Amino acid sequence: MINRRLDKLGRIVIPQEMRTKLHITHNTLIDIELKGDKIILSKSGESCALCGIVGDLVEGTPVCSKCAREIADKLGK
Ligand SMILES: [Zn+2]
């Protein structure tokens, strides 16, 4: 367990190692649920590891079709 103190606006930073492990990037959509007296944060559906868009993932990869196309273009394929 890691403790983080909220800032004046009620924000916290999700620890980098947790974001990395779950492929959470700056654009990833996060669900925030209140369950009893707990606040649960989770990735909203399957989001692209690069741009964070939900859905439209290329099967067997963590990226969306748009990012997959951009990668393929950069690799010249
Ligand atoms: Zn993407």
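Leu29 is exposed, because just 12 other C-beta atoms lie within 10 Å. Here a residue is buried if 20 or more other C-beta atoms lie within 10 Å of its own, exposed if 12 or fewer, and partly exposed in between, with C-beta atoms placed from the backbone. This is a predicted model, so local features need pLDDT of at least 70, side-chain atom pairs count only at pLDDT 80 or more, and totals for chains, interfaces and linings use all residues. Residues are numbered from 1 along each chain as its sequence is written.

Where does Leu29 sit? Its place is the loop between helix 1 (16-21) and strand 1. Helices (H or I, at least four residues) and strands (E, at least two) are DSSP runs, numbered from the N terminus. Leu29 touches Ser44, Ser47, Gly52 and Val54, leaving aside residues up to four places away in sequence. Touching means contact: the two C-beta atoms, placed from the backbone, lie within 7 Å. Take Gly52 as one of these partners. Leu29 and Gly52 are 23 residues apart along the chain, yet their C-alpha atoms are separated by 6.5 Å.

Ser44 is another partner of Leu29. Ser44 lies in the loop between strand 2 and helix 2. Is Ser44 exposed or partly exposed? It is partly exposed, because 13 other C-beta atoms lie within 10 Å. Leaving aside residues up to four places away, Ser44 touches Leu29, Ile30, Asp31 and Val54. Cys64 is 20 residues from Ser44 in sequence, and the two are 14 Å apart in space, C-alpha to C-alpha.

Now step back to the whole chain. It has 2 helices and 2 strands. From the N terminus on, the elements run α-β-β-α. The radius of gyration is 15 Å, well over the 11 Å that the globule rule gives for 77 residues, so the chain is more spread out than a compact globule. That radius is taken over C-alpha atoms, and the globule rule is 2.2 Å times the number of residues to the power 0.38. Along its principal axes, the C-alpha trace spans about 50 × 25 × 20 Å. Buried residues make up 9% of the 77 residues. Among contacts between residues at least 6 apart in sequence, 16% join residues at least 24 apart.

Next come the strands. Strand 1 (residues 30-35) and strand 2 pair in the antiparallel sense over 6 bridges. Two strands pair if DSSP finds at least two bridges between them. Ile32 stands opposite Leu41 in strand 2. Lys35 stands opposite Lys38 in strand 2. The hairpin of the two strands has 2 residues between them, and Gly36 there takes a positive phi near 65°. Why does strand 1 lie largely in the open? Of its 6 residues, the number buried is 0, so it lies largely in the open. Strand 2 (residues 38-43) also has 6 residues and 0 buried, so it too lies largely in the open. In a regular strand, side chains alternate between the two faces of the sheet.

His23 is found in the loop between helix 1 and strand 1. Its phi is near 55°, a positive value in a residue other than glycine. His23 counts as partly exposed, because it has 16 C-beta neighbours inside 10 Å. Not counting residues up to four places away in sequence, His23 touches Ala49 and Pro62. His23 and Gly60 are 37 residues apart in sequence and 15 Å apart in space, C-alpha to C-alpha.

Last comes Leu50, in the loop between strand 2 and helix 2 (65-74). Leu50 has 18 C-beta neighbours inside 10 Å, so it counts as partly exposed. Which residues does Leu50 touch, not counting residues up to four places away in sequence? They are Thr25, Val63 and Cys67. Asn27 is 23 residues from Leu50 along the chain, and their C-alpha atoms are separated by 8.2 Å.
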